[in-house]
Amino acid sequence: MQHLQKEGVGLMPSVTLYHWEPNANSGKPMLALMEKGVAFNSRYLDLINFDQHKPEYLAVNPQGTIPAMVHGDRVLTESTAIMEYVDEVFPGPPLMPGDPRDRWRVRWWMKFMDQWLGPSFSMIGWSVFVGPSVRSRDPKELEAAVERIPLPERRVAWRKAITGQFSAEEMAESRRRVAQGIRMLEQELSQRPWLASNQYSLADINGFNLAYALPLSQPTLSNDDLTPNILRWLRAIYARPATKACWALGRTSLVKRVTILEQPHIGGGQVA
Ligand SMILES: N[C@@H](CCC(=O)N[C@@H](CS)C(=O)NCC(=O)O)C(=O)O
């Protein structure tokens with residue numbers, strides 16, 4: 001599928017993005033490209049179908065993780081680094097602020113989300129969505145699929161998701177981090193319109209990919225009564241045309257959760 005926006009009409013895009021849903025790591029470069037108005041060939045890999053471990057994709061990224069972006073003869077991996085590349089290489093609205101302290105804050109939040117908060121969101125997502133999505137398949141086929149995964153740590157994550165064996169301790173730690181992350185986001189967003197500066201930036205793109213479904217997935221921790229600044233911020237990002245176009249590419253119930261943000265008020269007592 002080809003996404004031709006402002007600049008790319010009539011031209012073959014020089015960018016190909018291999019991605020899954022507009023969610024977490026895949027959604028970061030998708031949304032950055034769309035915000036910049038960069039045309040790209042979209043190559044959807046069905047993570048639940050193990051497309052990311054098939055030879056065609058391993059020829060692009062031997063680690064078998066998504067996303068990956070091809071720009072001309074360059075192959076780029078690591079979602080946050082790809083976003084920074086996209087912002088620097090292509091024209092369009094800048095997604096990094098000019099002030100050095102704001103730039104530091106963008107990078108601080110992205111590191112925090114990528115290394116500390118994101119893996120906890122991911123563990124919860126894998127235990128409630130990815131694992132249950134594949135569990136009913138033939139166990140022999142599943143084991144063969146897991147054996148083909150190149151990275152040992154991803155094999156471990158898949159096995160735990162399939163068998164529902166994330167330990168009570170690691171799930172409790174993930175829940176603790178999500179709760180703390182929500183408090184930190186609320187505090188930061190009470191100080192300025194966007195997460196890291198007064199302009200929309202890569203930190204907001206990164207954060208939205210992590211937090212877009214918070215009022216649905218953590219209704220007792222994040223709602224209009226308890227975290228009004230997070231809700232204001234999520235709705236402002238969801239209202240952007242690039243976000244709407246990006247999330248329209250979603251195919252699963254996972255990303256359809258974003259429509260909760262269309263509700264004008266999500267109260268503390270409301271569990272959707
Ligand atoms: N640090 C990498 C992580 C990439 C990654 O692990 N992506 C996940 C999806 S969010 C993946 O490819 N999982 C597939 C698998 O483990 O089989 C990035 O930010 O791009």
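**Exercise 1.** Does Asn23 count as buried or exposed, and at what relative accessibility?

*Solution.* Begin with the source: this is a predicted model, in which local features need pLDDT of at least 70, side-chain atom pairs count only at pLDDT 80 or more, and totals for chains, interfaces and linings use all residues. Residues are numbered from 1 along each chain as its sequence is written, and side-chain values use heavy atoms, with hydrogens and water left out. Next, locate Asn23 in the loop between strand S2 (15–19) and helix H1 (24–36). The relative accessibility of Asn23 is 13%, so this residue counts as buried, a term that means under 20% relative accessible area (1.4 Å probe, protein chains only). Finally, leaving aside neighbours within four places in sequence, list the contacts of Asn23 (heavy atoms within 4.5 Å), among them Asn209, Tyr212 and Trp247.

**Exercise 2.** Describe the polar surroundings of the ligand.

*Solution.* Take the polar contacts, which are pairs of N or O atoms within 3.5 Å. A polar side-chain atom of Glu78 lies 2.8 Å from a nitrogen atom of the ligand, while an oxygen atom of the ligand is 2.8 Å from a backbone N or O atom of Ile66. For Asn25, an N or O atom in the side chain is 3.4 Å from an oxygen atom of the ligand. Then turn to area: the ligand taken alone exposes 510 Å², of which the protein buries 84%, by the Shrake-Rupley method with a 1.4 Å probe.

Notes:
A polar contact is a pair of N or O atoms within 3.5 Å; within protein, one must be able to donate a hydrogen and the other to accept it, and residues adjacent in sequence count only if both atoms are side-chain atoms. Helices (H or I, at least four residues) and strands (E, at least two) are DSSP runs, numbered from the N terminus. Buried means under 20% relative accessible area, exposed over 50%, partly exposed in between (1.4 Å probe, protein chains only).
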